[in-house]
Amino acid sequence: MLFRSIYLPLVEALDLPAAPDSAAPAPLARLRILVVDDEELVRDLVSEMLTAGGHAVITAADGSDAVDIYRQHWQALDLVILDMEIGRASCRERVFSSV
């Protein structure tokens with residue numbers, strides 16, 4: 001299995017005019033996304049943002065829950081967003097060694 005990291009640049013807030021709501025483009029596809037993070041605030045924020053973008057979101061608070069959900073829904077999921085360090089153990093190792 002291949003894992004890739006995505007690094008995004010840190011930028012200062014831009015002072016752009018607000019676009020009207022009608023100008024917001026519809027998502028290209030409605031994805032089914034599993035969000036895994038042990039921090040409830042992060043998990044909820046990511047879930048809300050993706051849901052507002054028109055996507056269906058399932059959340060998991062730890063690697064064990066993520067594995068259970070993935071095993072039940074793996075054919076229906078399009079994307080997994082995974083916190084790579086949940087607690088002290090590496091979530092990547094815990095999750096992907098179980099699947």
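This passage describes the fold of a predicted model, from its overall layout to its sheet, helices, core and a few local contacts.

The protein chain has 99 residues, of which 21% count as buried. Its secondary structure comprises three helices and five strands. Read from the N terminus, these elements follow the order β-α-β-α-β-β-β-α. Contacts that span a long stretch of sequence are well represented: among those with a separation of 6 or more, 64% link residues 24 or more positions apart.

A good place to begin is the open sheet, which has three strands in the order β2-β1-β3 and parallel pairing. Strands β2 and β3 form its edges, each pairing on one side only. From one strand to the next, the twist averages 20°.

Strand β1 (32–36) is mostly covered, with four of its five residues buried. On one side, β1 pairs with β2 in the parallel sense over five bridges. Within this pairing, Leu 34 has Ile 58 of β2 as its bridge partner. The connection between these two strands passes through α1, and the resulting β-α-β crossover is right-handed. β1 is also joined to β3 (residues 79–82), again in parallel, by four bridges. Here Val 36 finds its bridge partner in Leu 82 of β3, while Val 35 stands opposite Ile 81. As a general point, side chains in a regular strand alternate between the two faces of the sheet.

Two helices accompany this sheet. Helix α1 (40–52) lies across β1, β2 and β3 and runs at about 170° to β2. Helix α2, formed by residues 63–73, likewise lies across β1, β2 and β3, with an angle of about 140° to β2. At the start of α2, Asp 62 places a side-chain oxygen within 3.1 Å of the backbone nitrogen of Ser 64. Further along, the buried residues of α2 are Gly 63, Ala 66, Val 67 and Ile 69.

Which residues make up the largest nonpolar core? This core holds seven residues in all, namely Leu 34, Val 36, Ala 60, Ala 66, Ile 69, Leu 77 and Leu 82. Both β1 and α2 contribute, each supplying at least two residues of the core. In soluble globular proteins, nonpolar side chains tend to be buried together. Several core members also appear in the descriptions above: Leu 34 is the residue bridged to Ile 58, and Val 36 is the one bridged to Leu 82.

Attention can now turn to the segments that flank the strands. His 55 sits in the loop between α1 and β2 (56–60). Is His 55 buried or exposed? His 55 counts as buried because its relative accessible area is 16%, below the 20% cut-off. The side chain of His 55 also reaches the backbone nitrogen of Leu 31, at 3.0 Å.

Ala 29 belongs to the segment before β1. With a relative accessibility of 39%, Ala 29 counts as partly exposed, since this value falls between the limits of 20% and 50%. Although Ala 29 and Gly 53 are 24 residues apart along the chain, their C-alpha atoms are separated by 9.9 Å.

Key. Residues numbered from 1 in each chain as written. Predicted model: local features only at pLDDT ≥ 70, side-chain atom pairs only at ≥ 80, totals over all residues. Heavy atoms only, no water. Buried < 20%, exposed > 50% of the residue type's maximum accessible area, 1.4 Å probe, protein only. Polar contact = N/O pair within 3.5 Å; in protein donor to acceptor, adjacent residues only side chain to side chain. Pairing = 2+ DSSP bridges. Right-handed = clockwise from strand over helix to strand, strands pointing away. Axes fitted to C-alpha atoms, helices over the stretch in contact; angles between N-to-C directions. Contact = heavy atoms within 4.5 Å. Core = buried A, V, L, I, M, F, W, Y, C linked by side-chain atoms within 4.5 Å.
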